[in-house]
Amino acid sequence: MLKKDRLKRKMRIRGRLSGTEERPRLTVFRSNTTMYAQAVNDVTGVTIAEAHGSDSTTVGTEIAKKIIDKKVKAVVFDRNGYIYHGRIKALADAARAGGLVF
């Protein structure tokens with residue numbers, strides 16, 4: 001039931017969010033052991049940067065560095081249906097601290 005509810009929230013969020021070349025969508029996925037983050041240009045369907053690891057703060061800092069290296073400062077944050085707290089919030093805060101604007 002929980003996965004089904006998250007997927008409903010995910011589809012509702014994705015109906016409103018879209019990434020562009022100037023402002024890609026920063027999406028996160030959380031498994032039991034690993035955090036994944038990727039920046040996606042939804043217009044062309046291309047992944048601009050990706051990062052993964054067991055520590056959300058490290059992943060947030062790493063994805064911010066990779067996105068800024070691509071000359072992009074602003075992103076649209078897609079929490080992927082997860083509630084904004086815990087590891088999702090830690091990743092977002094680290095990405096903001098790394099220089100991303102969202």
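R25 is a good place to start in this predicted model: its relative accessible area is 9%, so R25 counts as buried, the cut-off being under 20%. Two acidic partners meet this arginine. With D78, R25 makes a salt bridge at 3.0 Å from N to O. That pair ties together distant parts of the chain, since R25 sits in strand β1 and D78 in strand β4 (residues 76–78), 53 residues apart. D78 is buried as well, at 1% relative accessibility.

The other partner is D42, whose salt bridge with R25 has its closest N and O atoms 2.8 Å apart. Here too distant parts of the chain are linked: R25 belongs to strand β1 (residues 25–30), while D42 lies in the loop between β2 and β3 (46–53), 17 residues away. D42 is partly exposed, at 24% relative accessibility.

Just before that loop residue comes N41, in strand β2 (residues 35–41). N41 is buried, with 6% relative accessible area, and its side chain makes a polar contact of 3.3 Å with the side chain of T44.

Let's move on to helix α3 (residues 87–97). D93 and R96 are three residues apart there, and therefore separated by about one helical turn. The two form a salt bridge, with the closest N and O atoms 3.5 Å apart. D93 is partly exposed at 32% relative accessibility, and R96 is partly exposed at 36%. Elsewhere, salt bridges with shared partners join R14, R25, D42 and D78 into one network. The whole structure holds seven salt bridges.

Finally, look at the surface: K4, K8, R12 and R16 form a positive patch. K4 lies in helix α1 (residues 2–16) and is exposed, at 54% relative accessibility.

Definitions and conventions
Residues numbered from 1 in each chain as written. Predicted model: local features only at pLDDT ≥ 70, side-chain atom pairs only at ≥ 80, totals over all residues. Heavy atoms only, no water. Patch = residues over 30% accessible without salt bridge, like charges linked within 9 Å, V, L, I, M, F, W, Y side chains within 5 Å. Areas by Shrake-Rupley, 256 points an atom, 1.4 Å probe, with all protein chains shown as cover. Salt bridge = Lys/Arg side-chain N within 4 Å of Asp/Glu carboxyl O. Lys, Arg positive; Asp, Glu negative; His and termini not counted. Charge placed at Lys NZ, Arg CZ, Asp CG, Glu CD. Helix = DSSP H or I, 4+ residues; strand = E, 2+ residues; numbered from the N terminus. Buried < 20%, exposed > 50% of the residue type's maximum accessible area, 1.4 Å probe, protein only. Polar contact = N/O pair within 3.5 Å; in protein donor to acceptor, adjacent residues only side chain to side chain.
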